[in-house]
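Q: Please take a close look at one part of this structure. Go through it piece by piece.
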Amino acid sequence: MIQAWNPAAERLFGYTASEAIGRPVSVLSPAERATEPMTLAQRVLAGESLPPFDTFRLRKDGQRLEVSLSLAPIRGPEGEITGVSAIVRDIGPRKRTEGALRLLADAGRVLAASHDLATTFQNAAQLAVSGFADLCIIDLLDEGREGRVERIATAHADPAKVPLARELR
């Protein structure tokens, strides 16, 4: 049960304090992680502190958030555990930056790996599909042939759709 809610939590999750306090913590968990809050709470209530780990939570509007979550027991005056303290940080921007940097590093390797232009572009198209796209088509303008556009690479997340994608103009 949520017992405290600060302005940062309001901004992150979209619930006001009056909307959040008294609700089960599971309201913040996506369906595939529905049992995670209870499992984690049991560990903390047994005295364990959980260092930051990456997970997902939900905003009021249903949007998924990538977060770093750390948990620690709250202790009363006699040392008894009276609750669970959670620190939640939005790591979505950091994860997107890391993904972009990985993609750029991979692109550098792909572009340097072959001296054959068609192979290089096909590898680049595959990289785009594996990194962030469902479909990548690369056309080149051939200025030597009256400005004709030539399809040089096609990749699709579903390999069975590549022939159909090749027909797109």
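A: What follows is about the sheet and what sits against it.

This is a predicted model: local features need pLDDT of at least 70, side-chain atom pairs count only at pLDDT 80 or more, and totals for chains, interfaces and linings use all residues. Residues are numbered from 1 along each chain as its sequence is written, and side-chain values use heavy atoms, leaving out hydrogens and water.

Start with the layout. The sheet is open, has 3 strands in the order 1-2-3, and its pairing is antiparallel. Strands (E, at least two residues) and helices (H or I, at least four) are DSSP runs, numbered from the N terminus. Pairing takes at least two DSSP bridges between two strands. Strand 1 (50–58) and strand 3 (81–90) form the edges, each pairing on one side only. From one strand to the next, the twist averages 35°. Angles run from 0 to 180 degrees between N-to-C directions, with axes fitted to C-alpha atoms, for helices over the stretch in contact.

Now the pairing of strands 2 and 3. They are antiparallel over 9 bridges. P73 stands opposite V84 in strand 3.

Helix 3 (residues 36–45) packs on the sheet and touches strand 1, strand 2 and strand 3. Contact means heavy atoms within 4.5 Å. The direction of helix 3 makes about 160° with that of strand 1.

Strand 2 also feeds a core. The largest nonpolar core has 10 residues, among them L65 and V67. Such a core joins buried Ala, Val, Leu, Ile, Met, Phe, Trp, Tyr and Cys residues through side-chain atoms within 4.5 Å. Buried is under 20% relative accessible area (1.4 Å probe, protein chains only). Strand 2 (64–75) and helix 1 (7–13) each supply at least two residues of this core. Helix 1 gives the most, with 3.

Definitions and conventions
Buried < 20%, exposed > 50% of the residue type's maximum accessible area, 1.4 Å probe, protein only.
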